[in-house]
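Work through the exercises below with the model open. Try each task before reading its solution.

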Amino acid sequence: MSTTIVSTQVGILGGGPAGLMLSHLLARAGIDNVVVEKRDHATISTTHRAGILEHGSVQMLAETGVDGRVLTDGHRHDGIDLRFGGESHRIDFQDLVGESVWLYPQNEVFVDLAAARARDCGDVRCSVSDTEVLDVATDTPKIRLTEADGTSVEVRCRILVGADGSHSICRQAVPDRTDHFIEYPFAWFGILTEAPPSAPELIYARSEHGFALISQRSDTVQRMYFQCDPGEDASSWSEEQIWDELQRRVDGADGFELTRGRIFEQMVLPFRSYVCEPLRHSNLFLVGDAGHTVPPTGAKGLNLALADVKVLAEALTSFFGDGSTALLDGYSDTALRRVWKAQNFSYWMTSMLHTRSDATAFERKRALGELATITESRYGQQYLAEGYTGWPSK
Ligand code: DHB
């Protein structure tokens, strides 16, 4: 069967938010690119991921002509509550660091970026199969794929970017990489419920029964999570059991009560920390989950992917502009500096707020001491606020 050859400057494997944002930024800089994605639009737009955007991510969406709804439909949050010992302690981001975050779900970011690429006639090929990457150490790396209609296609490019998520095939093409990896002995049980918000802002709760996060989606839909065993069977829990479990993790003398509603989605989300070093092999570059994964506490995953994309888009603009390789050569080190800060932040938030089932009384009390160190000190609060809202990009 014949193969259709498509030539472009940048081939991007993966059409989630990272791949589409890169495609969008490159197109704005006049750099031709093709995006290839295995999933279809409906699957990505209904896959629920985290919901918090750092101010830098919002700025990227708002200032680069995505024309999305983040500023109109997203909700600005100026703080969070840390809840432990049955009491809430507000961390006021605006007062502490003069920044905010936005509650705007990742699947909506995807919808906005996909609409922007369609509006600008970007070449985005979804529902493809049999993807392979070849010749990444030559000046014509390639992506081979089969289109949804059965056509075989070879995308020939100058630079290949792996934005293909945590099960990345591009990563396999980095031969001299180190895989840094840790697993956690817990997972999150996540729900979506039809209910009004239980509180004005997000609540991160540590209790003797484990962690809970009370997040939101809209005035009528809420997102909540609680720490569970990684082997937990989500479907075996009744609505009442879920609500009782969430409630006992936020119980306190102030009588705080969750507003209950119908639960229409429940799933277990295992998590881990992972970093691939370096994020490059020759003419192949990795962005987002293809290069690193963080545990969800603090919602750094998408924000980190967008930060990678920003650095790489600037480097590619310089390379295709005047042939300069300095920024491309610095990409992996520059991106990894932020990645390791975010790894530390996500690890820290996770370990401070979760309880291991084998934790000793010393460990449980030490964690409460750590939380008090944060909430009773302006410096401690500032450390959290700066990491949560996002460090400056330069
Ligand atoms: C959400 C997820 C997170 O991991 C987090 O830290 C905050 C919010 C969410 O899905 O809403």
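**Exercise 1: Polar contacts of the ligand**

A polar side-chain atom of arginine 217 sits 2.8 Å from a ligand oxygen atom. The model is a predicted one.

Task: Find which other side chains place a polar atom by a ligand oxygen, starting with serine 215 and tyrosine 225.

Solution:
- Step 1. Take serine 215. One of its polar side-chain atoms is 2.6 Å from an oxygen atom of the ligand.
- Step 2. Take tyrosine 225. Here the distance from a polar side-chain atom to a ligand oxygen is 2.5 Å.
- Step 3. Apply the cut-off: a polar contact needs N or O atoms within 3.5 Å.
- Step 4. Turn to area. The ligand alone exposes 290 Å², and the protein buries 99% of this.

**Exercise 2: The shell**

Task: How many residues surround the ligand, and which are the closest?

Solution:
- Step 1. Count the shell: 16 residues surround the ligand.
- Step 2. Pick out the closest: Tyr204, Ser215, Arg217, Tyr225 and Pro296.
- Step 3. Sort the shell by character. Nine residues are nonpolar, four are polar and three are charged.
- Step 4. Assign domains. Domain 1 (3-78 + 101-180 + 273-348) and domain 2 (184-271 + 358-389) each supply at least three shell residues.

**Exercise 3: The six-stranded sheet**

Task: Which strands are the edges of the open sheet?

Solution:
- Step 1. Write the order: E9-E3-E2-E13-E20-E19, with mixed pairing.
- Step 2. Read off the edges. Strand E9 (123-125) and strand E19 (280-281) each pair on one side only.
- Step 3. Look inside the order. Strands E2 (residues 10-13) and E3 (residues 33-36) run parallel, joined by four bridges.
- Step 4. Check one pair. Isoleucine 12 has valine 35 in E3 as its bridge partner.

Key
Residues are numbered from 1 along each chain as its sequence is written. This is a predicted model: local features need pLDDT of at least 70, side-chain atom pairs count only at pLDDT 80 or more; totals for chains, interfaces and linings use all residues. Side-chain values use heavy atoms; hydrogens and water are left out. A residue is near a molecule or strand if one of its heavy atoms lies within 4 Å of it. A polar contact is a pair of N or O atoms within 3.5 Å; within protein, one must be able to donate a hydrogen and the other to accept it, and residues adjacent in sequence count only if both atoms are side-chain atoms. Accessible areas come from the Shrake-Rupley method with a 1.4 Å probe; for residues, only the protein chains shown count as cover. Ala, Val, Leu, Ile, Met, Phe, Trp, Tyr, Cys and Pro count as nonpolar, Asp, Glu, Lys and Arg as charged, and the others, Gly among them, as polar. Domain bounds come from an automatic or database domain assignment. Two strands pair if DSSP finds at least two bridges between them. Helices (H or I, at least four residues) and strands (E, at least two) are DSSP runs, numbered from the N terminus.
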